[in-house]
Amino acid sequence: MTSSATTVRRGTLAVLWIMAATAVFRGNSINYIIGPAATSFGLDGTGTQQFKLVPNIGQLLVVFLAGLLAERIGARRTLAWGSLGLMLGGLACSIAPGPIVMDFGLLVAASGTSMILVAVFAVVGRRFHGTSDRARAFGILATAMPIVSLLSPFICSWLVEGVSWRAATSLWAVFGAVALLSALFGLEKEPVSSSRDEYVTPMLAGMLLVSAVGVLNEFNSSGLSLGVFIYAAVAVASVFGIVLMRRRLARTSLNLAPISAQIPLLMLVAIAVGTLTYQWYIGFLAFQNLFGMDDLEIAVAMIPTQILCILAARLTPKVIVARGLRATAVYGTAISGLTCLLFLFVQEDQSPVILSIIMAIYGAVATGVAVSVNNAAMNSLPSEHSGAMSAFRSASSAFGSAVTAVLMGALLIGAYDASLSSQSEAAGLDSTSSVAVGEALNSGLSYSDAATQVGVPESEVSTIADFSTAALVDSLHVKSVLSAVFGLVAAGLLAAAMRRRKSDYDAEPALT
């Protein structure tokens, strides 16, 4: 490879890293902004929940549209549009006089970062060829998550508490502007496809994804409610619209190559199943509820995790080159699942340092798996389908996360209630009241308020609080075992996907 070509690749990766970092920061900072923003607008819990919901809709709605644009108008223009969305969304939130403008800003900003992430993966799929070349690219990009996650809690806390939540959304606008200039001046111009495209089917596919995830989330929070039926109706209407468009038009723009071929479809299923192994949320929950740590204390405890994740992102490409992508992805996924069993060592009466060490080990392995699995997914189709594969990869991950919230949430609540009931019965307490007290305490009520709400003595509430902590540990252990099982299932799916095209995933000499 010539020095000029190497310089171009490095410049491209630098731009893509900036893009990925801006998207990660927007996602990380949203939780610091929503609460103070809702309070400033005088909103209740429903309004706060809406602020949480709108960005998720924005992220999912444009996924397939972003994949189409990356293939038709080029990644440079798609990244520019996404960066513009982040910039305008940040500005709208910064000057929002009320919740309507705030919702609009959150929607546009989230849509912009979604387009950015889809286009970033599409660029790697189209411009970086060969397993080792792509592995290096994915490894560099994977450092964006831990580096930004290392810094963002301190930046956001300082801005929100010391200045205003609007200062944090203003930073979105600044980062969006930097990303926009980076895309326009740091990436080569690409020819625009001469194909005449329609944009209805990609948007309908986005609506289908939004509604499918909405069904799962609504069912998880409210059971079989009206919201579930509304989302289900939208999903059915979206499917009907896609089928109608495909019948009426000789050619539609929704590229179904990722789900019409066995290998990429199995990859997508493996990615969805792999999300069931994620231990990030349960780890943060343990830091918060077992050890009473606030956001900044958790951020400090997670510093070793972020450092090891950075190292893992840089070392995994070397492992891929030496051992092959197939072996790295399959065995790495299996090891990641088994690493979840380390959380069985977390107990309520120990130092949080133990959990910090476990999170660091798990995070490093999970980061390496992400590098190898994303690489394998983008290898499963020719480069001309990189935009579509990137879009479906994002969709698969989002849908898997929604399934995880429902399935794991139900299992964790069941394990928690069963443990709390068992301990209460052994102590001669009413198990039904104990579960109600546990729910009240977990919602943030004080001992006296929980006692008043449930109608039990305050001394009994204190005892149940101890039982509740033990029940939380039990539910953490259940999640660890289940995550290990799903990790092995995901590894099996990856092995099945790769076995028929071993040459695409075997080790190859390092590029020079």
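The crossing of helices α7 and α15 is left-handed, meaning that the near helix is turned anticlockwise from the far one by less than a right angle. This is a predicted model, in which local features need pLDDT of at least 70, side-chain atom pairs count only at pLDDT 80 or more, and totals for chains, interfaces and linings use all residues. Residues are numbered from 1 along each chain as its sequence is written, and side-chain values use heavy atoms, with hydrogens and water left out.

Let's stay with this helix pair. The axes, lines fitted to C-alpha atoms over the stretch in contact, come within 8 Å and cross at roughly 155°. That makes α7 roughly antiparallel to α15 (an angle over 145 degrees). Here are the residues that meet, with contact taken as heavy atoms within 4.5 Å:

| Helix | Range | Residues in the contact |
|---|---|---|
| α7 | residues 144-162 | P146, I147, S149, L150 |
| α15 | residues 303-323 | I303, Q306, C309, I310 |

By class, this contact of α7 with α15 has 6 nonpolar, 2 polar and no charged residues.

Moving along the chain, V163 sits in the loop between α7 and α8 (165-186). V163 is exposed (over 50% relative accessible area), at 54%. Its C-alpha atom is separated by 43 Å from that of L482, which is 319 residues away along the chain.

Helix α13 (residues 280-289) offers a view of the interior: I282, G283, L285, A286 and F287 are its buried residues (under 20% relative accessible area). These buried residues pack against α14 (295-301), α17 (352-379), α18 (386-426) and α21 (458-498).

Technical notes: Axes are lines fitted to C-alpha atoms, for helices over the stretch in contact, and angles run from 0 to 180 degrees between N-to-C directions. Helices (H or I, at least four residues) and strands (E, at least two) are DSSP runs, numbered from the N terminus. Angles under 35 degrees count as roughly parallel, over 145 as roughly antiparallel, 65 to 115 as roughly perpendicular and the rest as oblique. Ala, Val, Leu, Ile, Met, Phe, Trp, Tyr, Cys and Pro count as nonpolar, Asp, Glu, Lys and Arg as charged, and the others, Gly among them, as polar. Buried means under 20% relative accessible area, exposed over 50%, partly exposed in between (1.4 Å probe, protein chains only).
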